[in-house]
Amino acid sequence: MGVQNNTPRASPRRKSTTLQHLFDLDSKTATDTNGKNIGTANIGCSSSSNLENEEILSSISFCTSVFTFTDPSECATQQELKRNKLLHLLSVVKSSKKTLHDQVMSSLISMISLNLFRPLPPPSNPSSAAEFPDDEDHTSTFSPLWSHLQLVYDILIRLVINTDPKLLRGYIDNQFVVNLLALFQSEDPRERDSLKNVYHRIYSRFTFYRSFMRKSMNDVFLHYVFETERHCGIRELLEIWGSIINGFTVPLKEEHKLFLMRVLIPFHKTKGMQAYHRQLAYCVSQFVQKEPVLGGIVVRGILRYWPVTNCQKEVLLIGELEELVENIDPDQYRKLALPLCLQITRCLNSWNSQVAERALYVWNNEQFVKMISVAMEEVFPVVVEGMEKNLKWHWSKSVRQLTENVKVMLEEMDPVLHSKCLEEIELRESKAHQAEIKRKEKWDRIEMAAAQHHNQHQFLQPPHFLCVSH
C-alpha cells in the first residue's frame, strides 16, 4: 500500500520534470526550414569563437615580451617565434570581417603600447640637428627592433582602418596619440614613415581628436623652432600638415592663419631648414593658394629671416619666393615689388656663383617681371645699379653673361628709364670719385703736417750727449 500510495504521487513529479527537461531540450534543438539544427550550430560557433579568441589572446600574451636584439642572452628562436605570432595577429586583423571581442581588442592595444612606447636611445649625434637635405640624411640610425616594430605598426594601422573610430575611442585615447607623437624623435626613417601613416590615418578617421592632434603638433614645432632646433621627425610632421592644410576650407579660420604666421614662417630661420624645406614650402604655398592675400605676410616674413652666411638656404628661399609670386594677390604687387627686388639684387651681387645665378634666373619668371612692371620707378634704379656692379666686378664669367642677358631685357622694358638710371649711376659715381679725391688730398695734407711737426720736434730736442744724468 505504501508503494501504491507513493507511486501515484511520485510518478507525476518525475513525469513533470522529464517533460520540462524535454521542453527545454526541444527549444534548444529547434530546427530551421532546411532541417539544420540551429541550436547545435550556435553552440558549435560559440565554442569555435571562444577557441579562436583564446588562440588570439595566447599570441598577444606571447608578443608582450619585448626583445632588444642587443642582449646576447636573448634566444633567436624566441625572437623568430614572436615574429610569427605577430604575422598571425596581422592576418587575423586583416581578415576579420567583424569587430574583435572587447577582451581581444583591449589586450591587442596593450600589446601594441608595450612594444611601441619605449624609451628611445640617445641621439647618435647630439651636437647637430637635421641640417642635411633629403638625400643626405646623416641622422638615420636603423633600429635592430624593426623586424618586430614593423609588424606592430602594420597591426595598428589595420586596426585604425578597419575598426569604427567610435569603438576604438575607448582604447586609443589622447595619451595614446601623445605617445605616438613622441616616437617621431626616432632616428630610424622607416619607423618615422610608419608613424606618419598611422598618425595621419588617426587624424583623418578620428575627427573628434583633430583639434587636439593639431595643437600637439604645434607644441612640437614651437619647441623645435624657438628652443632646441633638434628633432628628427619635422619632415614627416610637415608632410602630415601639408595634407591637413590641403583640406582646409575657404575662408580660412583665424586659428589656421595664426599657425602660418607663428609657426610656419619662423621655420625659415632654423639651421636645419634644408632637411625639410620642400615640405615647408608646400605647406606655405597651400595657404597662399587658398587666400592670395596672405602672400604679402609670407614674403615679408621670409625676407625678415633671410640668412646672412648660409648660401644653400639662400638658393632655396629664392626658389620659394619665385613660387610664391605665382599666387600672390596682384593688388599687393606694388607694396612687395621694392623689398623683394632689393633682396633679389643683393643675391645677384653675391660672390657665391650659385646664389647669383639663381637670383638672375628669377628674371625668366613672367609673374615676377609683371610685378616689377607695376613699380618701375621705384625698382629700376636698384636693379640697374646691381646689374652694372656685376658686369664690372663679379668674378664668375657665367654670372656676367647672365647679367648681360637680364640687362638687355631691362633695356627693352623701358629704354628711357634705363638710360636715366645709367646717367644717375654715372653722376653718383662721379660725385663719389670727386669726394674720394678730396678725401685723399685732405689726408695727404694731414700726413704732411704731421711729418713737419715731427721734424720740428726732433730739431728742437737737445742732442743725447748733452743730457746730464743725476
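In this predicted model, the buried residues of helix H5 pack against five partners, namely helix H3 (76–95), helix H4 (102–116), helix H6 (165–168), helix H7 (174–182) and helix H8 (189–205). The residues of H5 that are buried are Trp146, His148, Leu149, Leu151, Val152, Tyr153, Ile155, Leu156, Ile157, Leu159 and Val160. The length of H5 can be checked against its number of residues: because each residue is expected to add 1.5 Å, the 17 residues of this helix should span 24 Å, and the distance of 24 Å between its end C-alpha atoms agrees with that expectation.

Helix H5 also has a place in the largest nonpolar core, which holds 116 residues and in which Leu108, Ile112, Leu264, Phe267 and Trp363 touch the most other members. Ten residues of this core come from H5 (residues 146–162), and this is the largest share. In soluble globular proteins, nonpolar side chains tend to be buried together. For Ile112, when the neighbours within four places in sequence are left aside, the residues in contact are Val152, Ile155, Leu156, Leu159 and Phe176.

For the chain as a whole, the secondary structure consists of 20 helices, with zero strands. Of the 470 residues in the chain, 40% are buried, while the accessible surface comes to about 27,000 Å², with 55% of that area belonging to carbon and sulfur atoms. When contacts between residues at least 6 apart in sequence are considered, 74% of them join residues that are at least 24 apart.

Technical notes
Residues numbered from 1 in each chain as written. Predicted model: local features only at pLDDT ≥ 70, side-chain atom pairs only at ≥ 80, totals over all residues. Heavy atoms only, no water. Core = buried A, V, L, I, M, F, W, Y, C linked by side-chain atoms within 4.5 Å. Buried < 20%, exposed > 50% of the residue type's maximum accessible area, 1.4 Å probe, protein only. Helix = DSSP H or I, 4+ residues; strand = E, 2+ residues; numbered from the N terminus. Contact = heavy atoms within 4.5 Å. Expected span 1.5 Å × (residues − 1). Areas by Shrake-Rupley, 256 points an atom, 1.4 Å probe, with all protein chains shown as cover.
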